[in-house]
Amino acid sequence: MSPTDLAVQEQQTSASRQRVVNDFSIQVATVNGSGSQTANLVLLRSILLMGVPVSGKNMFPSNIAGLPTWYTIRASKRHYVARKKEVDFLVAMNGETAKEDVLTLDAGAAVVYDEPLKLNALRNDLVFYPVPFDKLVTPVCPDAKLRRLVRNMIYDGILAKLLGIDPALMDKALQKQFGKKAKAVTLNANALKAGWDYADANFTKQDPFFIEPMNETAGKILIEGNAAAAIGCMMAGVTVVAWYPITPSSSLCESLIGYMKKYRVDKATGKATFAIVQAEDEIASLGMVVGASWAGARAMTATAGPGISLMSEFAGLAYYAETPAVIFDVQRVGPSTGLPTRTAQGDLLMTAFLSHGDTKHIMIFPSSVEECYEMAQQAFELAEQFQTPVFVMMDLDLGMNNWMSDGFKYPEKPIDRGKLLTEETLKRLGEWGRYKDVDGDGIPYRTIPGDGMPAYFARGSGHNAKGQYSERPDDYVDNMDRLARKFETARQYVPMPEIDGATGAKIGFVGYGTSHWAIGESRDQLREETDLETSYYRLRGYPFTSDLVEFIDAHERVYVIEQNRDAQLLQLMKLDLSTERQVKLRSVLHYNGLPIDARSISDDVLAQEGFEVAKRTTRISAGIAGGE
Amino acid sequence: MAARVNRIGLEPLTYKGGKTTLCAGCGHNAISERIIDAFFEMGVDPRQVIKLSGIGCSSKSPAYFLGGSHGFNAVHGRMPSVGTGAMLANKKLIAIGVSGDGDTGAIGIGQFVHLMRRNLPIIYIIEDNGCYGLTKGQFSPTADLGSKLKTGVVNDLPPIDTCALAIELGATFVARSFSGDKKQLLSLLKAALAHRGTVMLDVISPCVTFNDHEGSTKSYAYVKDHDDPLEEVNFVPFFEDITVDYEPGTTQEVTMHDGSKLYLKKLEEGYDPTDKITALKRLHETARRGEFATGIIYIEPDRDDFLELLNLVDEPLATLPLDRVRPGREALEEIMDSLR
């Protein structure tokens with residue numbers, strides 16, 4: 001240990017006396033493509049195996065290898081899984097960003113760093129643990145080519161020792177990560193041990209952060225939202241998938257391919273009960289979905305904002321010709337190419353009205369991986385029930401990060417294919433018209449090619465109730481009004497909101513998607529720090545349900561919390577609200593590409609409520625600039 | 001007298017569609033009539049047929065044939081993706097797509113390219129008149145260099161040869177015809193129905209309103225004068241017991257997917273439509289002379305189509321029962337365990 005470290009220890013004694021247990025965040029700063037993701041997942045899972053609620057978030061560059069990347073792991077005994085704004089424990093492996101990474105820490109944070117970086121000279125209010133990674137990796141990894149990858153596992157060993165993670169559980173996590181690859185397990189286990197031994201021999205614990213066993217994660221799974229959605233699609237009986245690779249949605253279709261190959265191939269014949277096609281672009285992806293749905297398949301695609309832009313034409317066709325379609329939008333930061341590997345909720349307004357003319361679409365908003373799984377299934381039901389596109393609005397944070405969850409429940413209900421015309425219905429109706437509203441809910445009966453029922457000509461041009469080409473004003477108006485009626489019907493069928501009304505609360509929060517996690521934590525902060533009680537309306541579907549109005553009426557001020565610049569949900573709400581209600585709306589916006597955090601919400605709300613808010617100067621590194 | 005019926009007992013009337021709204025004398029109407037004849041004569045069940053199109057005059061025409069079939073008039077240039085999706089959903093369907101030269105060669109060239117690559121089982125017809133009729137006659141990408149618009153504007157860009165492109169990209173049945181050549185077009189359409197894979201059929205179909213004047217290379221007069229048939233196409237469906245006698249060396253016999261036979265009587269030495277290089281060479285040579293090579297330009301009857309590559313179950317995916325599309329509880333449990 002260097003003399004400087006001892007000096008730091010002096011200053012830190014008061015901090016280290018107060019133990020911080022299962023309530024801190026770790027940030028690992030590495031280089032993209034260095035295999036650090038494996039080490040990070042092993043660390044994440046070992047904390048989970050300790051029984052401690054945990055979440056992991058990857059903040060990575062749009063690059064294959066060589067650029068800086070950050071991974072944050074948050075352990076939280078209170079089950080907070082949103083990003084924590086402050087980094088408590090930094091692992092600095094990347095010389096390129098190390099200086100800024102260290103300078104942006106709050107006082108009292110701990111830093112494990114690659115010794116040659118000499119970071120301890122930068123500040124005297126942090127705890128430093130220098131590790132000679134290159135020296136440690138050489139004996140455990142004779143193959144020089146693998147050292148770059150294996151050296152990351154050493155910091156897991158260091159952290160296990162410093163934080164008090166059971167090394168046996170870390171080994172278990174390692175085995176889970178590498179599965180049956182025995183050679184890789186041994187190699188990495190040796191690296192873990194080398195780290196542990198080094199920390200054991202050289203470090204005295206000076207920071208206050210500890211992981212202690214809890215019993216909060218029994219039976220929990222760890223999964224990315226994209227994989228969860230894929231499982232949901234498979235259980236929904238999807239048969240046709242068309243997609244075009246785009247971050248952050250690609251892994252949804254790639255997971256789906258994996259699951260379908262395993263579980264949806266007929267054992268007897270070895271033939272597939274599904275078709276998955278990588279299309280030439282997002283336009284063709286949705287075109288294939290529309291064609292497949294029209295011909296009776298359960299069909300889907302997954303994309304991100306740039307893909308949604310391209311799909312606008314087909315979204316309008318599907319809306320007007322009334323074909324089902326399930327579209328996952330794993331949102332990333334726009335406009336245009338934007339920040340492809342960063343998260344946002346910026347596609348709401350575009351998607352709600354995607355395509356020209358009077359068009360509006362059903363959207364559903366999962367907040368958790370469990371909801372990704374369940375809403376994937378609901379999306380297919382809604383799409384077929386309403387014969388229209390349904391957009392599942394995810395985001396990168398949900399789709400690509402690992403989330404802890406209860407195991408998913410097997411669907412108990414059979415699949416409902418919606419109003420498909422049958423012999424009996426035809427007999428009852430006497431006469432069939434493809435776009436005739438016989439039930440008064442705006443939803444007509446449809447037939448599919450090859451089913452022997454009457455044929456019709458689907459088209460994006462004007463048509464009457466029989467599906468015939470028509471430019472007649474009355475036909476046009478009748479059809480458009482019926483479509484509006486159908487949309488009204490959907491209000492009763494989209495996923496209902498979750499409302500947590502606090503007695504006497506004057507303030508209401510409205511949020512959706514991944515903001516949910518930061519909102520919950522922020523409500524606790526506000527209650528505990530300033531006695532500010534808030535109610536919460538978690539939106540889960542669009543069109544809005546009538547209880548939104550009731551929620552607004554029950555509160556003096558309503559903060560709409562979202563991850564975009566233009567308050568897109570608030571704008572959308574305004575369209576449905578009277579001016580008296582509109583003026584009650586306030587906005588809390590977070591749009592720097594990182595997942596929203598509770599502190600940012602709390603501070604914003606407190607400021608708007610007239611409280612004095614301490615100016616927080618915390619700069620967040622987690623990103624590169626220049627270099628082109 | 002009882003009406004004429006085909007081999008599945010249907011009358012010609014069953015194959016008719018709505019009344020055309022295209023111009024009188026439009027080549028597209030003649031093509032619709034040939035489609036009706038071909039589907040009737042081949043005894044195709046209209047209820048198993050899907051008609052697809054993009055946007056434009058050509059794309060309106062599916063409403064004018066096979067009224068008992070499902071149809072989808074999609075968006076401009078995007079019919080290939082809709083057709084692909086539909087065929088994935090139900091491989092038992094017979095797909096016929098009608099596009100135009102703008103719908104294919106301009107806005108839809110991307111989807112056209114990938115449709116050809118995939119060799120999806122579909123009959124893809126381009127009703128090719130070298131201009132945009134619905135928007136009053138602008139040039140399309142198949143307009144020939146030097147061809148003149150009614151307004152006197154001369155086309156100064158080279159044309160896209162959709163047949164050469166289709167061969168290059170992997171289509172397995174590539175033909176060109178002329179809407180005025182009833183016999184050849186009918187034979188080609190019937191052969192198309194016997195083929196499994198992408199049939200790309202470019203039919204020169206003059207626009208009587210905007211592109212039938214002196215100076216146009218897509219006028220009736222010009223096409224009649226410059227039609228250069230590669231062979232005499234005789235098609236014998238598998239269900240007809242007809243033997244064709246021919247002098248050895250004069251005729252090429254091709255056995256189709258369903259057992260039907262194509263007899264291609266050579267009109268010139270050395271033309272072999274199963275050879276890609278010969279086909280492309282010939283297309284370029286005729287084009288250089290300012291002529292149209294018509295007939296079967298290229299045929300590859302045996303290649304796996306896209307649906308075969310996907311190794312789909314025999315039944316249509318669209319109507320598989322729940323127990324075949326939703327894995328059991330143990331599958332979900334296994335997945336959950338793998339994530340713990």
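In the predicted model, Ala458(A) lies opposite Phe72(B), a residue of β2(B). The strands concerned are β18(A) and β2 of chain B, the latter spanning residues 70–73; they run parallel and are joined by three bridges.

The contact between the chains involves 56 residues of chain A and 48 residues of chain B. On chain A, at least two residues of the side that touches chain B are supplied by each of β9 (221–224), α8 (225–235), β10 (240–243), β11 (275–278), α10 (282–294), α11 (305–321) and β18 (457–459). The largest share comes from α10(A), with nine residues. By residue class, the side of chain A that touches chain B consists of 36 nonpolar, 13 polar and seven charged residues. The strand β18(A) thus appears both among the elements that supply this side of chain A and in the parallel pairing with β2 of chain B.

Within chain A, six strands form an open sheet in the order β3-β4-β2-β5-β6-β7, and their pairing is mixed. The edges of the sheet are occupied by β3 (54–59) and β7 (127–131) of chain A, each of which pairs on one side only. On average, and with direction ignored, neighbouring strands of this sheet are turned by 15° against each other.

One of the pairings in chain A is that of β5 (residues 89–92) with β6 (residues 110–114); these strands run parallel and are connected by four bridges. In this pairing, Ala92(A) stands opposite Tyr113(A) of β6(A).

Definitions and conventions. Residues numbered from 1 in each chain as written. Chains lettered and ligands numbered in written order. Predicted model: local features only at pLDDT ≥ 70, side-chain atom pairs only at ≥ 80, totals over all residues. Contact = placed C-beta atoms within 7 Å. Nonpolar A, V, L, I, M, F, W, Y, C, P; charged D, E, K, R; others polar. Pairing = 2+ DSSP bridges. Axes fitted to C-alpha atoms, helices over the stretch in contact; angles between N-to-C directions.
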